[in-house]
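I wanted a short record of the backbone oddities, strand pairing and surface of this model. The entries follow in the order I looked things up.

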Amino acid sequence: MKTKIALLGTGEWWGWHHARILAEHPDVDFCAIMGRNPERTQARANEFNVRSYTGIDKMLANEKPDLVSVCLGNKDHYEPTMALIKAGVPLFVEKPLVFDMKEADALIEEAEKRKLFFALNFNHRWALPIEKAHQAIKEGKLGNIVYATWRFGGEGPECHQWENLIETQCHGFDMLEHLCGPIDSIAMHASDAANKGFSSYAISLHFSNAAVGGMTGSYDTSYAYPLTHFLEINGTKARITVEDTVKKYSFQEVGNETAEVWQAGYFNDKDRMFHYAFDKHFNDMLKAFRAGQEPPVNARMGRRALRLAKAAIESFEKNIIVKVTPEY
């Protein structure tokens with residue numbers, strides 16, 4: 001039996017990919033799209049041959065979906081997500097979870113009270129170079145991790161509410177902890193040189209395994225630049241680098257002038273595409289949901305990324321190093 005799923009959101013890029021994945025997946029009965037703008041919502045519904053709604057209550061009453069996928073504006077997650085949770089609907093929500101810790105706690109408390117499936121989309125973990133890095137670390141090929149470097153940035157809006165740090169660099173916090181273990185202290189410098197709020201950051205990290213790390217994030221650069229994303233993890237035995245998330249992976253042992261390198265082959269269109277990591281995550285999320293298991297990335301992991309961003313902000317505002325505990 002297929003899983004009946006509705007979508008909240010009609011975004012031009014990522015919202016469209018949510019709809020595409022729901023329409024293409026063989027185990028999904030994509031039933032409806034809900035949005036605030038009737039014309040835009042109807043147009044998207046027509047494109048994917050599903051029903052359109054502009055109200056959550058009516059959509060839930062008519063469609064009775066098994067799960068709802070939520071892809072709204074980055075700052076618009078809280079109220080619709082809470083409404084769905086209070087209606088008892090299992091969820092797959094786009095990052096960031098929210099911008100406010102109290103809102104994050106309220107969502108998680110209400111969902112856990114109802115024992116709801118509450119998944120979050122940190123799709124970078126499913127990029128093939130990241131999967132290779134995770135496997136190499138898991139197999140001990142790096143030895144002890146000594147330091148890690150994450151750099152990610154492009155064009156972006158004003159950052160008077162720390163937009164880049166919370167909505168984009170949440171991937172950096174999640175990725176570095178996914179690969180290197182829990183972060184236990186943070187110190188941050190921030191720049192408003194572009195006159196649009198604090199839109200560029202340099203963050204110093206310490207991990208509970210004694211490794212150190214650095215994150216540079218910005219909305220003052222360009223996604224058109226090569227290596228707009230770069231990840232380097234150095235261990236006592238080897239080094240891993242990842243270029244632009246999906247483009248290139250390299251593994252090189254200490255003292256060996258020959259590296260193992262992965263790049264997508266001529267006909268491997270899927271693994272070279274950024275959004276295919278989303279397809280892979282969605283597939284694993286759906287498998288977990290249908291099996292009655294926990295999501296591969298749950299809402300608490302989104303709260304953790306937000307907690308680390310808030311610690312970075314506290315560090316900058318008070319000019320201190322902020323300690324963070326490993327638990328969520």
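**Surface patch**

I started with the surface of this predicted model. Val146, Tyr147 and Val212 make a nonpolar surface patch of about 220 Å². I then looked up Tyr147 by itself and found it in strand 7, which spans residues 145–153. Tyr147 has a relative accessibility of 34%, so I logged it as partly exposed, the class between the 20% and 50% cut-offs.

**Annotated region**

I checked the UniProt record next. Its unreviewed entry carries the annotation "domain: Gfo/Idh/MocA-like oxidoreductase C-terminal" for residues 135–322. Over residues 135–322 I read 30% helix and 30% strand. The C-alpha atoms at the two ends of that stretch are 31 Å apart.

**Strands 11, 12 and 13**

I followed the pairing from strand 11, residues 229–235, which pairs with strand 12 in the antiparallel sense over 5 bridges. Within this pairing I noted Leu231 opposite Val242 of strand 12. Strand 11 and strand 12 form a hairpin, and 2 residues lie between them.

I went on to the other pairing of interest. Strand 12 and strand 13 also run antiparallel, joined by 6 bridges. Here Ala238 stands opposite Glu253, a residue of strand 13. The hairpin of strand 12 and strand 13 has 4 residues between the strands, and Asp244 takes a positive phi near 50° there.

**Positive phi values**

I stayed in that loop for Thr245. Which sign does the phi of Thr245 have? I read a positive phi of about 65°, although Thr245 is not a glycine. Thr245 lies in the loop between strand 12 (238–243) and strand 13 (248–253). Is Thr245 buried or exposed? Its relative accessible area is 3%, so I entered Thr245 as buried, the cut-off being under 20%.

I then looked up Lys64. Lys64 is not a glycine either, and its phi is positive at about 45°. I placed Lys64 in the loop between helix 3 (56–63) and strand 4 (67–70). With a relative accessible area of 60%, Lys64 is exposed, since that class begins over 50%. My two entries therefore read buried for Thr245 and exposed for Lys64.

**Cis peptide bond**

My last entry concerns omega. The peptide bond from Lys95 to Pro96 is cis, and I read its omega as near -10°. Pro96 sits in the loop between strand 5 (91–94) and helix 5 (101–113).

Conventions:
Residues are numbered from 1 along each chain as its sequence is written. This is a predicted model: local features need pLDDT of at least 70, side-chain atom pairs count only at pLDDT 80 or more; totals for chains, interfaces and linings use all residues. Side-chain values use heavy atoms; hydrogens and water are left out. Buried means under 20% relative accessible area, exposed over 50%, partly exposed in between (1.4 Å probe, protein chains only). Patches are made of residues with over 30% relative accessible area and no salt bridge: like charges are joined within 9 Å, nonpolar side chains (Val, Leu, Ile, Met, Phe, Trp, Tyr) within 5 Å. Accessible areas come from the Shrake-Rupley method with a 1.4 Å probe; for residues, only the protein chains shown count as cover. A salt bridge is a side-chain nitrogen of Lys or Arg within 4 Å of a carboxyl oxygen of Asp or Glu. UniProt positions are given in the numbering used here, feature names are shortened, and annotations may be inferred rather than shown by experiment. Two strands pair if DSSP finds at least two bridges between them.
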